[in-house]
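Here is my note on the model, point by point. Please read it with the structure open.

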Amino acid sequence: MVDSTNVSFLTQDAYDRLVAELEHLSTTGREEITKRIEIAREEGDLKENGGYHAAKDEQGKQEARIRTLQNILKEAKVGEAPTSNGVVVPGTVITADVAGGEEVFLLGSREIASGSELDVYSEQSPLGLAIQGLKVGESTSYTAPNGKEISVSIKAVETYNGQ
């Protein structure tokens, strides 16, 4: 059974892009890092070998990204952005007054809006959890990670059009 709290909405385009990135990192990317580590290892003393340590650090970051992509793809709900019906759901663009200032953002995975200027809040973030299910005109508040209570009022909910 899939734990719905970890499910992220992805457009088909975002899903395909992430699958391609995972494929590249898992094959060619790993081969390239392994070669760089081998070349650096041949340079001698590993304690003083900056190239070796840089390649190992990059390998660690790449492996972390591979695990992240695997988790996102395993838990993803793939499809078209949900059609807005005035209710906040993952995959919609929200206009809200947050702590007295207007913000426009996508509720969902940042992977959806790759290349977009749109801010993205995870549906698992304190803000995302607080506003899911709210309708236009409704308000709530949530506790930010710094302990402050932040008020939110939903002004508009729109269908995400990929921009």
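The points below go from the helices to the strands.

1. Status. This is a predicted model. Please read every distance and angle below with that in mind.

2. The annotated domain. UniProt, in an unreviewed entry, places "domain: Transcription elongation factor GreA/GreB N-terminal" at residues 10–78. Over that stretch the chain is 81% helix and 6% strand. The C-alpha atoms at its two ends are 5 Å apart.

3. The helix pair. Helix H1 covers residues 12–41, and helix H2 covers residues 50–75. How do they pack? The angle between H1 and H2 is about 160 degrees, and their axes are 9 Å apart. H1 is therefore roughly antiparallel to H2, as the angle is over 145 degrees. The crossing of H1 past H2 is left-handed.

4. Glutamine 62. This residue lies in helix H2. Is it buried or exposed? Glutamine 62 has a relative accessible area of 11%, so it counts as buried, the limit being under 20%. A polar atom of its side chain lies 3.3 Å from the backbone oxygen of leucine 25. Beyond its sequence neighbours up to four places away, glutamine 62 touches Leu25, Gly29, Arg30 and Ile33. Leucine 25 thus appears twice, once through its backbone oxygen and once in the contact list.

5. Isoleucine 33. Here is the view from the other helix. Isoleucine 33 lies in helix H1. Its relative accessible area is 3%, which means that isoleucine 33 is buried. Which residues does isoleucine 33 contact, leaving aside neighbours within four places in sequence? They are Ala55, Glu58, Gln59 and Gln62. The contact with Gln62 can be read from either side, since Ile33 is also listed for glutamine 62. For a long-range check, take threonine 143. It is 110 residues from isoleucine 33 along the chain, and the two C-alpha atoms are separated by 42 Å.

6. Lysine 74. This residue is also placed in helix H2. Unlike glutamine 62, which is buried, lysine 74 is exposed, with a relative accessible area of 57%. Lysine 74 and glycine 100 are 26 residues apart in sequence. Their C-alpha atoms are 37 Å apart in space.

7. Threonine 92. We now turn to the strands. Threonine 92 is found in strand E3, which runs over 92–98. Its relative accessible area is 0%, so threonine 92 is buried. Where does its side chain reach? The side chain of threonine 92 comes to 2.6 Å from the backbone oxygen of valine 89.

8. Alanine 99. Please look at the backbone here. Alanine 99 has a positive phi of about 55 degrees, although it is not a glycine. It sits in the loop between strand E3 (92–98) and strand E4 (101–107). With 56% relative accessibility, alanine 99 counts as exposed, because the limit is over 50%.

9. Tyrosine 142. This residue is found in strand E6, residues 139–143. At 12% relative accessibility, tyrosine 142 counts as buried. What does it touch, apart from residues up to four places away in sequence? Tyrosine 142 touches Val98, Pro126, Leu127, Ala130, Lys148, Glu149, Ile150 and Val152. Val98 is within the range given for strand E3. Leucine 107 is 35 residues from tyrosine 142 along the chain, with 16 Å between the C-alpha atoms.

Note on methods. Residues numbered from 1 in each chain as written. Predicted model: local features only at pLDDT ≥ 70, side-chain atom pairs only at ≥ 80, totals over all residues. Heavy atoms only, no water. Helix = DSSP H or I, 4+ residues; strand = E, 2+ residues; numbered from the N terminus. Buried < 20%, exposed > 50% of the residue type's maximum accessible area, 1.4 Å probe, protein only. Polar contact = N/O pair within 3.5 Å; in protein donor to acceptor, adjacent residues only side chain to side chain. Contact = heavy atoms within 4.5 Å. UniProt positions renumbered as here; feature names shortened; annotations may be inferred. Axes fitted to C-alpha atoms, helices over the stretch in contact; angles between N-to-C directions. Parallel < 35°, antiparallel > 145°, perpendicular 65-115°, else oblique. Left-handed = near helix turned anticlockwise from the far one by under 90°.
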